[in-house]
Structure formats: structure tokens, C-alpha cells
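Trainee: Can we go through this model together? I would like to start with the helices and then move on to the sheets.

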Amino acid sequence: MRADVQNTVEKIEKSLELLRQRMDWETAPHRLEEFNARVEDPDLWNDPDAAQKLMRERQMLVDAFDTHNAIQQEMRDNIELIELGEMEDDAEVVKDAEEALRSLETRAAQKELEALLDGEADGNDTFLEINAGAGGTESCDWASMLARMYVRWAEKHGYKVELQSESSGDEAGIKSAAYKISGPNAYGWLKSESGVHRLVRISPFDSAAKRHTSFSSVWVYPVVDDNIEIEVNPSDIRIDTYRSSGAGGQHVNTTDSAVRITHVPTGIVVTSSEKSQHQNRDIAMKALKSRLYQMELDRRNAAINEAHEAKGDAGWGNQIRSYVLQPYQMVKDLRTQVETSDTKGVLDGDLDQFMAATLALKVSGKSRSEAQGE
């Protein structure tokens, strides 16, 4: 077998190893036996919620088994075909089997990434907020570039993007924006983007053409679905209405329809500025519940909590990723050390390599300092 084909096989085997790791391969058969025994219990559906949860967990385990075994069997079949073709000097059989292995490598890598998305809310839709840091027009323009980058990423993945609210910069760009992004595993993919993003470039707003550094922060939190109950005490919130700003001219919203909800105990503030005040109240309340749910996830998951606390202010020392456009081209993630010179591709939404590396880093249990020390 040629060296490049052997390399393909090794990559498939590596993906299979990660799938086994995520399943806890040694105990998985016993857990499936337990699930099957509980499914046969006639009293199972006396508690429908618990029964549905059990059935979902069982199906996830069955799907994981089926995926692993199908990939492994297809790999073995094609290796045998290559060996047989080489023995019989049948170049066509060898070529077809090698192409099948390369295709399998791509599928196995995708399943490997999907296996990383097993957090409690990873499958949910997500809210994404962007806020310009200190730096005036520069940071506002950078915030708008980030907004475009994430919208492009979402569209490439077939996700639905809804703008929830936006505050324009005084001269250019945006001070802040909030989006709802809907699609399979939207939160699971985007959660690794929470943090401060740093831009270095020659400023288009500086007549002296000097290099500037700008910061903007990104915050991602899951949309609370119907299966998650979050209680909000009415006495804990303050609801304000205000006149939302539009694009100007005939599109300016001249009624006090925008809604701002403040959760007094935590200081969380959420806004929505659609046309209908009733709709805005509903959107803002859902956003608030999602933020409160994210706080609960943070308490349960020390790793996620540490990541949010490390985000800090949008400035030096707190960034998770640097985007350098001058004097050279580079985007580098400071947690995983993944970098690329394709800055245009990244700003057009090519973010998967960064997201996948961060997910893999969390699974491996490495700390940020350990990753930087490698």
C-alpha cells in the first residue's frame, strides 16, 4: 500500500479512536444493556419526561456504535480490496478503493468533530453578541467586520440568521449587535468564539496611514428550548421602552417600541428593537432566560466558567484570537496556536479550523497555558 494511502488509513483510525474515547468504549456495551433493560420496564412511561430522556440517551449511544462500526468495516473492506487488486495487478480496483478511503477519511473526520458536540446545550440554537471595545471608530468598524464574518460563517453552514438588535457607531461600524443563529449544533460550534478578538491593520480612518490595534468582544450563549425551564421572578426585572434607531429616512422607527429588560440581581441587560413592542418583549425575555441558563451552565461546568471569566475587558491581555492585516497577513488563535495566512478567507467566514481545534483542546483536558507551551 502506497505511503499516502497508509496516511489516509492512519487518519481514519485516529478518528475512530476519538469516537471510542467519546463513547467510553470499555463501558459502552454495559450501558447499552442497561438502557435496553430499562426500556423493557412496563413502568417506564409513568414518567414521560424521564422516559423520553432515557430513549434519547439510548439512541445517541446506538447511533455512536453504528457510526463507529460502519466506518471501521468500510475501512477494512477497502484495505482488503487494495491488497487484492495489488495481488491481481488490477489497477482499476486499487484506484476505486483508494478513492473510497479518501472519501471515508472526510466522513470520519466530520463524525469526529460531531462527537465533540455532546454538551448539554450544544445542539441548541444560539445568541451571539458583539460589542466594540475602547478605540472609538476603529473598534466600531472592527465590530462590524466581526458581525459580517459570523453571518458569512452561519450562511455557509445553512443556518438561519436573525438580527435581534444593533447600535450604530458614531461615524462608522457598530457599537454592538445581537444575533440569533438557528441550526443543528449552532451553540456547540459557536461557543468557542466567546472572548476578545484583536485586529491589527493600517487604519482607513487615519490620514497618516498608521497601524492601529482594535478590540471587540464576542459573547455566545444558547437559546433556551422548551425542554429547559428557567424561572424569572417578575420583581427581579425592570422593563423599559425606548425609541429604536433605524437606517434613516422613511425607515426610522418613530415609536417607543424597542424593549430593554434589566435583570436586577445579575445586572444582565437584553434588548430587542423589532417593530412590535409585544414581539420585542417576547424576544428580550427569551434572551434573558438564555443568559440566565448560560450562567447556570457556567456554574455546572468549570471549564466553560473559566473561559468566560478569562474573557475580561475588550483589551490587551484578554484576547483569544489576533487578526493581523499589516505588516503581514495572519490570523492566530492564542488558545490552540492554530494560525493561517488566509486572512481574507477567515474574515469571509472560514472559521471551522479554529472552532474544531478549540473543541478538541477542551476534550483533551489541556489548559490554555499547556497549549501555549507546546
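Mentor: What follows is a walk through some helix contacts, two sheets and a few single residues of a predicted model.

Trainee: How do people usually describe two helices that pack together?

Mentor: Two packed helices are described by the angle between their axes and the distance between the axes.

Trainee: OK, so what are the angle and the axis distance for α1 and α3?

Mentor: Helix α1 covers residues 3-23 and helix α3 covers residues 48-87. They pack at about 160 degrees, and their axes are 10 Å apart.

Trainee: Is that roughly parallel or roughly antiparallel?

Mentor: An angle over 145 degrees counts as roughly antiparallel, so α1 is roughly antiparallel to α3. The crossing of the two is left-handed.

Trainee: Which residues make that contact?

Mentor: From α1, they include Val5, Val9, Ile12 and Leu16. From α3, they include Leu61, Phe65, Ile71 and Met75. Sorted by class, the α1 contact with α3 has 13 nonpolar, three polar and two charged residues.

Trainee: And α4, how does its axis lie against that of α1?

Mentor: Helix α4 is residues 91-115. Its axis and that of α1 come within 9 Å, crossing at roughly 25 degrees. Angles under 35 degrees count as roughly parallel, and therefore α1 and α4 are roughly parallel to each other. This crossing is also left-handed.

Trainee: Which residues meet there?

Mentor: Among them are Val5, Val9, Ile12 and Leu19 in α1, and Leu101, Leu104, Ala108 and Glu112 in α4. The classes in this contact are ten nonpolar, two polar and seven charged residues.

Trainee: What does UniProt place at residues 87-114?

Mentor: An unreviewed UniProt entry places the feature "coiled-coil region" there. In the model, the chain over residues 87-114 is 89% helix and 0% strand, with its end C-alpha atoms 37 Å apart.

Trainee: Switching to sheets. What is the strand order in the sheet of eight?

Mentor: The order is β2-β3-β1-β5-β4-β9-β10-β11, in an open sheet with mixed pairing. The edges are β2 (160-168) and β11 (339-340), each of which pairs on one side only.

Trainee: Which helix packs on that sheet?

Mentor: Helix α5, residues 137-156, packs on the sheet. The strands touched by α5 are β1, β2, β3, β4, β5 and β9, and the direction of α5 makes about 45 degrees with that of β5.

Trainee: How many bridges join β1 to β3?

Mentor: Six bridges join them, and the two strands run antiparallel. Isoleucine 130 stands opposite alanine 177 in β3.

Trainee: What about the sheet with β6 in it?

Mentor: That open sheet has three strands in the order β6-β7-β8, with antiparallel pairing. Its edge strands are β6 (237-242) and β8 (268-272). The twist averages 15 degrees from one strand to the next.

Trainee: Which residue in β7 is the bridge partner of arginine 238?

Mentor: Threonine 262 is the partner. β6 and β7 pair over six bridges.

Trainee: Last topic, the backbone. Where is the proline with the cis peptide bond?

Mentor: Proline 327 sits in the loop between β9 and β10. The bond to it from glutamine 326 is cis, with omega near 10 degrees.

Trainee: And what is phi of aspartate 24?

Mentor: Phi of aspartate 24 is near 60 degrees, a positive value in a residue other than glycine. Aspartate 24 is in the loop between α1 and α2.

Note on methods: Residues numbered from 1 in each chain as written. Predicted model: local features only at pLDDT ≥ 70, side-chain atom pairs only at ≥ 80, totals over all residues. Heavy atoms only, no water. Axes fitted to C-alpha atoms, helices over the stretch in contact; angles between N-to-C directions. Helix = DSSP H or I, 4+ residues; strand = E, 2+ residues; numbered from the N terminus. Parallel < 35°, antiparallel > 145°, perpendicular 65-115°, else oblique. Left-handed = near helix turned anticlockwise from the far one by under 90°. Contact = heavy atoms within 4.5 Å. Nonpolar A, V, L, I, M, F, W, Y, C, P; charged D, E, K, R; others polar. UniProt positions renumbered as here; feature names shortened; annotations may be inferred. Pairing = 2+ DSSP bridges.
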